[in-house]
Amino acid sequence: IKTIYLAASPVREEMLESLLENILYIWNEPIPLNKICELIKEEFSLEPIKDELQEGLNRLLETRKVIHKNNTWQLTDEAKKSLLEKELKKRTIEESRYSNYIELLSQLCLESLDENSQRQVWNIFNEYLIECFRVYAHEAINMFLPYSQSKSVENGDTKVYQNYLSLCPSELEKNVFEKLVTGYPLSLKETDLQYLDELASLSESFFSLGLPKDEYEKISGIKMFGWTLVADTNFLYSVLGIRPHPENEACLEILRLANTNEINIKIVYFPETLKELNKNSDFSTLASGQNFTINQIKALLSTNQLDATSKAYYERKLEDSTTPHPAQIMGRAQEILKSKGIVIYNSKHLQNLSAEENGNYMVAKYQEFESYERLLNDARVEQGRQERTPKDIQLVEHDILLREGILSIRDGKIAFADVKHYGISLDETLIKFDQYAIRKQYRGIDVAPTIFKPSFLLRRFRTFLPINTNDYQKAFLRAISLKTHEPKKKY
């Protein structure tokens, strides 16, 4: 429960930002997001959600800690300086802690250890401290405070203690380790308290990245969602890889979660959406580039006269000459979507909406959307901003059919606990219209939205996802040893 709470808190964002800062600090040169993902996997044995890392980089960009240029990221000089200061501060604390340890050995009359043995026991003791925080999280701090009644060996972590005691190679070193564990709380100095505070904070920061897989499996049988997501045309474009968009990574991650059953959801689309997809899929003006040389493609890209779709296609063509033309993809769109687990959703509710007797109802909804667009434009004019061109009526008709179709399938259910059908769209105007229409109809009542943006939905899902690592203990040790992490939350 605590981990799920942390995963939904700002602690998670802070931890991801720290991982990003550390990678950029270590690498010390501009690198693309894909390379950052690889380095986090190598350095920390973690595979965070790529879309979440993108969000973290955007936050660092807003706070002027990173520079984004030519699709690469690097720390600003000021951020590098700040991280170096944090690293040096932690190094000073470590040196002070070791001096405290040597002093404690003297107080306990344990100076007979040679220097190598002293260092070995110290390393084992530090590993023991870290393992206690991995097992007990923030509560472990109470094991090592002088006023605490829950001393480590006496209150439940005997197994952890015995495991690390057994790592001491000689009886003399075991004796020193035993006395160190019992004597440490009584000899704490300021730097020791700082370190324990940091371990407590870092451990909870790590736990915010998700449950261990064995813990996740204990709750995976609980059907927390069981949702059907009805995809808008733009979502389908994203998963087909046709058009570039900041939401593309979130779309692909949601599709992955659906196909791996990590989250109990399925993705469908309405027949009218397939018609809309095909209607807006004329890529005849986009040259195939089949016989273009690498230099010709580079020359095309350097003109800066390509639209976003053309640019994305030629960039992929540069990386992989077998990249299919968008027209080829769209020619097989239904087949490709089916292979990705996205299928057409046929429902009597949709037939009812299309029935002649419902014509006036749908026309009234089209007019409501157009009225909302006029309202937005009036507000822009008042603010001295330029008006936006209203949507084409055919797009409006599809948007309203998508929204009303989902509401019809819900059959009057409005509470989050009851609703199992949602739309998923990249269209900000449609999402905001849905919010506007809900407020207008249900003033003051808590009602489930009809349509979600992929990145928003992914943030809701990731709270319940397991941490993606093949070695949980190794990942914890690496993350807890971050040299430049300074938690904002103090315990």
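**Notebook: lysine 340, helix packing, salt bridges**

I looked up lysine 340 and found it partly exposed, as its relative accessible area is 27%. That value falls between the 20% below which a residue is buried and the 50% above which it is exposed. The structure I am reading is a predicted model.

Next I placed lysine 340 in the chain: it sits in the loop that runs from α17 (333–339) to β5 (343–344). Which residues does lysine 340 contact, leaving aside neighbours within four places in sequence? I noted Val239, Leu255 and Asn259. For leucine 255 I also took the C-alpha separation from lysine 340, which is 7.9 Å, with the two positions 85 residues apart along the chain.

**Helix α11**

Val239 led me to helix α11 (residues 233–240). I counted seven of its eight residues as buried, so the helix is largely enclosed by the rest of the structure. I listed the buried ones as Thr233, Phe235, Leu236, Tyr237, Ser238, Val239 and Leu240. Val239 is thus on two of my lists, as a buried residue of α11 and as a contact of lysine 340. Just after the helix I noted glycine 241, with a positive phi of about 75°.

**Overall**

I recorded 23 helices and seven strands for the protein. Of its 491 residues, 48% are buried. I then took the contacts between residues at least 6 apart in sequence, and 76% of these join residues at least 24 apart.

For confidence, I noted an average pLDDT of 85, with 88% of the residues scoring at least 70. Residues 150–156 have a pLDDT below 50, and in the model this stretch has 18 contacts beyond near neighbours in sequence.

**Helices α2 and α3**

I took the axes of α2 (residues 10–27) and α3 (residues 33–44), which come within 10 Å and cross at roughly 95°. I therefore entered α2 as roughly perpendicular to α3. From α2, the contact uses Leu19, Leu20, Asn22, Ile23, Leu24, Ile26 and Trp27. From α3, I listed Lys35, Ile36, Leu39, Ile40, Glu43 and Phe44. Sorted by class, the residues of this contact are ten nonpolar, one polar and two charged.

**Salt bridges**

I found 27 salt bridges in the structure. I wrote out three pairs and one network.

The pair lysine 90 and glutamate 198 has its closest N and O atoms 3.2 Å apart. I placed lysine 90 in helix α5 (residues 77–107) and glutamate 198 in helix α9 (residues 190–207), so far as sequence goes 108 residues apart, and the pair links distant parts of the chain. Both lysine 90 and glutamate 198 are buried.

Glutamate 368 and lysine 440 form a salt bridge through their side chains, at 3.9 Å from N to O. Glutamate 368 is in helix α19 (residues 359–382) and lysine 440 in helix α21 (residues 428–441), so this pair ties together parts that are 72 residues apart in sequence. Are these two residues buried or exposed? I entered glutamate 368 as buried because its relative accessibility is 16%, and lysine 440 as partly exposed because its relative accessible area is 44%.

Helix α21 came up again with the side chains of arginine 403 and aspartate 434, which meet in a salt bridge at 2.7 Å, N to O. Arginine 403 belongs to helix α20 (residues 393–410) and aspartate 434 to α21, so the pair ties together parts that are 31 residues apart in sequence. I noted both arginine 403 and aspartate 434 as buried.

For the network, I found Glu13, Glu17 and Arg59 joined by salt bridges that share partners.

**Positive phi outside glycine**

Most residues other than glycine have a negative phi. I looked up two with a positive value.

Arginine 64 has a phi near 60°. I located arginine 64 in the loop between α4 (50–62) and β1 (66–69). Its relative accessibility is 69%, so I counted arginine 64 as exposed.

Aspartate 411 has a phi near 55°. I located aspartate 411 in the loop between α20 and β6 (421–424). Its relative accessibility is 59%, so I counted aspartate 411 as exposed.

Note on methods. Residues numbered from 1 in each chain as written. Predicted model: local features only at pLDDT ≥ 70, side-chain atom pairs only at ≥ 80, totals over all residues. Heavy atoms only, no water. Helix = DSSP H or I, 4+ residues; strand = E, 2+ residues; numbered from the N terminus. Buried < 20%, exposed > 50% of the residue type's maximum accessible area, 1.4 Å probe, protein only. Contact = heavy atoms within 4.5 Å. pLDDT = per-residue confidence, 0-100. Axes fitted to C-alpha atoms, helices over the stretch in contact; angles between N-to-C directions. Parallel < 35°, antiparallel > 145°, perpendicular 65-115°, else oblique. Nonpolar A, V, L, I, M, F, W, Y, C, P; charged D, E, K, R; others polar. Salt bridge = Lys/Arg side-chain N within 4 Å of Asp/Glu carboxyl O.
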